[in-house]
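Work through the exercises below with the coordinates open. Try each task before reading its solution.

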Amino acid sequence: MADIIKLLPDHVANQIAAGEVVQRPASVVKELLENAIDAGATSIKLIVKDAGKTLIQIIDNGKGMSETDARMSFERHATSKITSAADLFNLNTKGFRGEALASIAAVAHVDLKTRVQDQEVGTHIEIEGSRIITQEPCATLTGTSLAVKNLFFNIPARRNFLKSNNVELRHIIDEFHRVALAHPQIQFAMFHNEGEVFQLPSGNLKQRIVGIFGGKTKEKLVPVTEETDIVTIQGFVVKPEFSKKTRGDQFFFVNDRFIKNPYLNHAVSAAFEGLLPDRARASYFLYLTVDPSTIDINIHPTKTEIKFDDEHSLYAILRSTIKHSLGQFNIAPVLDFDRDANLDTPYSYKDKYAHTPKVEVDRNFNPFENVPPPKKGASMPTYTKPPVEGWEHMYEGLKTVPSEGGSNVTYESEEVTGDLFQKEAGYAFAKAESSTYQLNNKYIISTIKSGMVIIDQHRAHQRILYEELLRNITVKESVSQQLLFPLVLNYTSSELGLLVQLKEGLENTGFVFGKVANETLEITGIPTSLSESEVPIVMEQLLSDLENEVPDTGFSQTDTLAKSMAKSMAVKAGETLDGVSREHLVNSLFACKEPSVSPDNRTTFITMNAEELDRKFK
Ligand code: ADP
Ligand code: MG
């Protein structure tokens with residue numbers, strides 16, 4: 001048989017390698033920003049068009065490249081950063097694989113202009129899919145400008161696989177944040193489709209964090225510093241009372257490189273233990289400096305994961321350092337997170353009249369006396385020691401007692417046929433004032449004709465609100481309450497961007513917006529079903545549910561909005577509901593189009609019929 005093995009041509013090998021390095025526009029941004037930093041730039045500008053699908057350009061004032069280096073930089077495994085394997089254990093640069101430019105050039109149109117300080121002219125190179133189109137001298141500033149156009153032009157499958165511009169831009173901004181936070185002394189600017197997204201002057205770490213996350217961040221930060229033999233820790237944690245319910249801004253940098261490390265993240269969470277509300281996550285900006293020989297950066301192709309020689313000690317040091325900082329800066333929980341939810345009024349029942357429960361005491365009661373059974377028609381049952389004989393008479397009075405307040409034992413009587421309630425839903429209720437009970441402040445139990453129904457209050461309320469919101473958003477008939485003073489909320493510009501895209505939907509639920517200016521959102525009206533203090537929570541949940549993505553189509557946008565708002569507005573497990581609220585919830589649930597599942601498809605109620613009960617009592 002003839003030999004069949006051949007070496008792949010370079011451009012094919014590069015394209016294959018590109019699959020690993022270049023997954024999306026954000027990967028290009030990361031590689032190019034890192035190259036600019038490795039080149040010693042003090043000022044870096046990122047220009048993006050169409051979320052990087054059309055153009056990603058980085059202009060730096062770093063050391064530039066000679067004519068030959070400019071050409072060489074696009075070869076695979078061409079790097080100026082390491083010369084031997086030993087260098088791998090003492091890395092001081094971001095890059096070292098010499099793969100990025102070769103990979104990028106394999107899947108895009110690249111335009112490079114670069115000049116080193118002591119040369120009068122620079123070099124201009126154009127490459128399309130690994131093929132050099134031009135290389136000529138040119139006039140350009142010291143430093144490098146590298147433009148990447150039409151990413152994946154030669155791999156349509158990849159190009160089609162890219163997400164919407166919002167998502168891709170979000171990824172780019174994330175990478176930009178990471179690099180900009182790692183190097184506060186370098187000046188950065190970012191533009192998208194001609195608009196300025198960030199303008200970050202050179203400064204200290206705190207100024208950089210504030211530059212990115214907005215002026216309000218300043219008062220939220222607690223400094224962290226520690227120096228030990230194995231690690232130096234610097235940075236900030238965000239005060240617990242500003243922790244985000246569902247997302248945190250969590251940044252770890254090791255030797256100025258952004259990393260993800262669940263184990264160290266756990267160390268931080270452990271330091272915050274007891275200070276954070278349920279589900280909330282600590283936010284932090286932590287900078288660890290360690291001896292480069294004690295870490296291994298090489299285990300992940302995109303290099304956000306690294307291995308430490310002594311993770312256990314790092315964990316312990318990090319945890320105690322942060323605990324100490326929180327203690328030193330007197331960070332006690334300002335909000336009472338352990339508050340007893342039973343004492344809260346569920347928001348939708350706030351304005352309801354509270355009935356004073358009637359308690360009747362039998363002053364003549366003597367437990368040692370042998371009392372005769374109560375008379376028929378007594379106004380309220382009172383406790384009496386069950387007489388050994390004639391005990392069945394004890395409950396007679398109950399039949400005539402209306403079940404107000406929910407604390408009485410009522411049972412289904414034959415005469416009432418239950419057609420007062422939502423027969424179409426198939427759950428006929430036994431009685432008009434059917435008795436409902438709350439179990440563990442979580443489940444509502446009610447009788448139905450065939451037996452009983454157990455409802456998960458949180459999920460059920462989500463379903464009710466979800467359908468109501470969907471209706472409001474589509475029919476546009478919601479009512480809003482005007483706020484006396486506009487509510488001004490602070491967001492980062494990217495968060496604002498997401499909210500603005502949902503403006504119309506939000507307005508249809510009853511929100512009225514005022515000015516949307518840099519990093520602030522003014523709200524002048526809110527849905528009647530919300531209280532002012534709940535608005536930030538609703539927005540926070542919404543931002544977290546969007547997960548960097550505003551759905552493109554109208555319907556899924558409406559759906560996301562309704563689901564998210566329903567989630568944050570619904571009564572929670574742990575909230576006590578009074579009788580009226582319970583009845584209301586039960587009735588509204590069975591008036592829903594799809595009462596049996598929550599908006600995220602989880603069971604809202606289960607039923608148990610008489611036969612099942614009978615079986616259990618066998
Ligand atoms: P790596 O960064 O791993 O060395 P790259 O493919 O990213 O590999 O870059 C190859 C080489 O090109 C770098 O080692 C560096 O010498 C040079 N280079 C790339 N970008 C720049 C830049 N912005 N300024 C100066 N030199 C650069
Ligand atoms: Mg590089």
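**Exercise 1. A chain of hairpins**

Which residue in strand 18 stands opposite Tyr443? The model is predicted. Trace the pairing of strands 16, 17 and 18.

Solution.

Step 1. Start at the named residue. Asp456 in strand 18 stands opposite Tyr443.

Step 2. Place the two strands. Strand 17 covers residues 443–448 and strand 18 covers residues 451–456; they pair in the antiparallel sense over 6 bridges. The link between strand 17 and strand 18 is a hairpin through 2 residues.

Step 3. Turn to the other neighbour. Strand 16, residues 436–439, pairs with strand 17 in the antiparallel sense over 4 bridges. Here Leu439 stands opposite Tyr443.

Step 4. Inspect the turn. The hairpin of strand 16 and strand 17 has 3 residues between the strands, and Asn440 in that turn has a positive phi of about 55°.

Step 5. Check a residue further along. Thr447 is found in strand 17. Its C-alpha atom is separated by 9.5 Å from that of Tyr437, 10 residues apart along the chain. Thr447 has a relative accessible area of 25%, so it counts as partly exposed.

**Exercise 2. Strand 11 and its partners**

Is strand 11 largely enclosed or open to the outside? Decide from its residues, then find its partners.

Solution.

Step 1. Count the buried residues. In strand 11, residues 250–254, 5 of the 5 residues are buried. The cut-off is under 20% relative accessible area. Strand 11 is therefore largely enclosed by the rest of the structure.

Step 2. Sort the side chains by direction. Gln250, Phe252 and Val254 point one way; Phe251 and Phe253 point the other way. Both sets are buried.

Step 3. Find the parallel partner. Strand 11 pairs with strand 13, residues 284–289, in the parallel sense over 5 bridges. Val254 has Leu288 as its bridge partner in strand 13.

Step 4. Find the antiparallel partner. Strand 12, residues 257–259, runs antiparallel to strand 11, with 3 bridges joining them. In strand 12, Val254 has Arg257 as its bridge partner.

Step 5. Look at the connection. Strand 11 and strand 12 form a hairpin with 2 residues between them. Asn255, in the turn, has a positive phi of about 45°.

**Exercise 3. The ligand site**

How many residues surround ligand 1? List the side-chain polar atoms close to its oxygens, then state the burial of the ligand.

Solution.

Step 1. Take the surroundings. Ligand 1 is surrounded by 18 residues. The closest are Asn35, Thr79, Ser80, Lys81 and Gly98.

Step 2. Read the distances from a polar side-chain atom to an oxygen atom of ligand 1.

- Thr79: 2.5 Å.
- Lys81: 2.7 Å.
- Asn35: 2.8 Å.

Step 3. Add the surface term. Ligand 1 taken alone exposes 530 Å², and the protein buries 92% of that.

**Exercise 4. Salt bridges**

How many salt bridges does the structure hold? Examine three of them and classify the residues by accessibility.

Solution.

Step 1. State the total. The structure holds 13 salt bridges.

Step 2. Take helix 6. The side chains of Arg170 and Asp174 meet at 2.9 Å, N to O. Both residues lie in helix 6, residues 165–182, 4 residues apart, about one turn of the helix. Arg170 has 12% relative accessibility, so it counts as buried.

Step 3. Take helix 12, residues 503–509. Lys503 and Glu507 are 4 residues apart there, so about one helical turn separates them. Their side chains form a salt bridge at 3.9 Å, N to O. Lys503 is partly exposed at 30% relative accessible area. Glu507 is partly exposed at 33%.

Step 4. Return to the residue from the first exercise. Asp456 forms a salt bridge with Arg459 through their side chains, at 3.6 Å, N to O. Asp456 is buried, with a relative accessible area of 11%. Arg459 is partly exposed at 22%.

**Exercise 5. A nonpolar patch**

Which residues make the nonpolar surface patch of about 490 Å²? Locate Ile4 and classify it.

Solution.

Step 1. Name the members. The patch is made by Met1, Ile4 and Ile5.

Step 2. Locate Ile4. It sits in the segment before helix 1 (10–21).

Step 3. Classify Ile4. Its relative accessible area is 62%, so Ile4 is exposed.

Methods. Residues are numbered from 1 along each chain as its sequence is written. Chains are lettered from A and ligands numbered from 1 in the order in which they are written. This is a predicted model: local features need pLDDT of at least 70, side-chain atom pairs count only at pLDDT 80 or more; totals for chains, interfaces and linings use all residues. Side-chain values use heavy atoms; hydrogens and water are left out. Buried means under 20% relative accessible area, exposed over 50%, partly exposed in between (1.4 Å probe, protein chains only). Two strands pair if DSSP finds at least two bridges between them. Patches are made of residues with over 30% relative accessible area and no salt bridge: like charges are joined within 9 Å, nonpolar side chains (Val, Leu, Ile, Met, Phe, Trp, Tyr) within 5 Å. Accessible areas come from the Shrake-Rupley method with a 1.4 Å probe; for residues, only the protein chains shown count as cover. A salt bridge is a side-chain nitrogen of Lys or Arg within 4 Å of a carboxyl oxygen of Asp or Glu. A residue is near a molecule or strand if one of its heavy atoms lies within 4 Å of it. A polar contact is a pair of N or O atoms within 3.5 Å; within protein, one must be able to donate a hydrogen and the other to accept it, and residues adjacent in sequence count only if both atoms are side-chain atoms.
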